[in-house]
Amino acid sequence: MRPLITTGLFLASLLASPISLAHFQTLIPSTAIANTSNQQQLRLDLSFTHPMNQGPAMEMATPAQFGVITREGRKDLLSSLVSYQVDGQNAYRSEYSLQGPGDHLFYVEPAPYWEPAEGVMIVHYTKVVVDAFAGDPLWQQMVGFPVEIEPLTRPYGLWQGNLFSGVVRKNGQPVPFATVEVEWLNDGRMQAPAEAFITQEIRADANGTFNFVMPFAGWWGFAALIESDITMTNPEGQSVPVEEGGLIWVHAQELPPQIHQTQTADK
């Protein structure tokens with residue numbers, strides 16, 4: 001027989017539920033594909049938040065790494081970061097001028113974040129690829145993070161409804177049956193009808209490979225979550241576990257209106 005849950009305990013659990021929502025480090029460029037001169041100046045926004053719920057954001061300390069990889073090599077962009085406020089919490093923004101054609105792989109290693117509700121330090125290694133003027137492809141390049149998603153699908157030039165596939169890797173090796181959390185960066189158009197719709201969850205296969213169909217347009221975050229082999233010291237001086245996440249942000253383009261109309265007519 002199940003124990004009775006009092007109204008007070010039930011309400012307390014509802015009030016406490018937001019802390020159980022998935023954390024995502026965002027790294028969102030002003031465009032996923034730059035193909036005109038007015039898109040040459042790129043803006044990148046970095047925050048640590050709950051994207052599907054549009055917050056609340058968590059405080060970000062200065063990242064350990066922030067940079068870009070192009071055909072010219074790797075460039076440190078840490079000094080370009082400027083702090084600003086999201087939900088009253090510290091976040092960062094960077095301006096970057098695309099110098100030439102070719103893929104630009106932006107990446108960030110945020111400072112460890114202490115999550116007392118889960119009893120872990122969180123480090124989410126995050127990347128995004130911007131296609132500049134249809135130049136040399138570099139989207140298969142790995143940053144070299146301890147935990148990272150290797151894209152099997154080119155992570156730009158995708159329509160809503162396209163399939164995105166990737167391999168979860170830890171220290172370069174595939175992670176069998178890894179957990180991958182997926183959230184849409186909500187632009188205010190949607191409210192999840194139930195908590196289960198906020199964070200999609202995938203289990204990779206025995207080779208660490210996962211697949212996900214992006215049902216509508218916008219930015220999608222894929223977070224492969226791994227328990228680290230090391231521990232860290234929390235703000236109270238205790239040795240605690242570390243959640244390492246390998247994140248990639250992927251943009252799906254909205255279908256043209258005439259395609260929608262054709263699909264509706266076919267039904």
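This report looks at the overall make-up of a predicted model, then at one of its sheets and one loop residue.

## The chain as a whole

Strands make up most of the list of elements here: the chain has 19 of them, alongside two helices. Of its 267 residues, 48% count as buried. The accessible surface adds up to about 13,600 Å², and carbon and sulfur atoms account for 52% of that.

What about contacts along the sequence? Take the contacts between residues at least 6 apart in sequence: 67% of them join residues at least 24 apart.

## A four-stranded open sheet

One sheet worth tracing on screen is an open one with four strands, in the order β1-β3-β7-β6, and the pairing is antiparallel. At its edges sit β1 (24–29) and β6, each of which pairs on one side only. Ignoring direction, neighbouring strands in this sheet are turned by 25° against each other on average.

Now for the pairing between β3 and β7. Strand β3 covers residues 41–49 and β7 covers residues 89–97; the two run antiparallel and are joined by six bridges. To find your place in this pair, start from Leu 44, whose bridge partner in β7 is Ser 94.

## The β6–β7 hairpin

Strand β7 also pairs with β6 (residues 82–86), again antiparallel, this time through five bridges. Two of the partnerships are handy markers: Tyr 84 is bridged to Ala 91 in β7, and Val 86 to Gln 89 in β7.

The two strands form a hairpin with two residues between them. One residue to check in the turn is Asp 87, which has a positive phi of about 55°.

## Asn 234, a loop residue

Over in the loop between β18 (218–233) and β19 (239–253) you'll find Asn 234. Is this loop residue buried or exposed? Asn 234 has a relative accessibility of 4%, so it counts as buried, the cut-off for that being under 20%.

What does the side chain of Asn 234 reach? There are two backbone nitrogens to look at: that of Glu 236, at 2.9 Å, and that of Gln 238, at 2.8 Å. Setting aside neighbours within four places in sequence, Asn 234 is also in contact with Trp 114, Met 121 and Val 240. So the picture for this residue is a buried asparagine, at 4% relative accessibility, with its side chain reaching backbone nitrogen at Glu 236 and at Gln 238.

Definitions and conventions: Residues are numbered from 1 along each chain as its sequence is written. This is a predicted model: local features need pLDDT of at least 70, side-chain atom pairs count only at pLDDT 80 or more; totals for chains, interfaces and linings use all residues. Side-chain values use heavy atoms; hydrogens and water are left out. Buried means under 20% relative accessible area, exposed over 50%, partly exposed in between (1.4 Å probe, protein chains only). Contact means heavy atoms within 4.5 Å. Accessible areas come from the Shrake-Rupley method with a 1.4 Å probe; for residues, only the protein chains shown count as cover. Two strands pair if DSSP finds at least two bridges between them. Axes are lines fitted to C-alpha atoms, for helices over the stretch in contact, and angles run from 0 to 180 degrees between N-to-C directions. A polar contact is a pair of N or O atoms within 3.5 Å; within protein, one must be able to donate a hydrogen and the other to accept it, and residues adjacent in sequence count only if both atoms are side-chain atoms.
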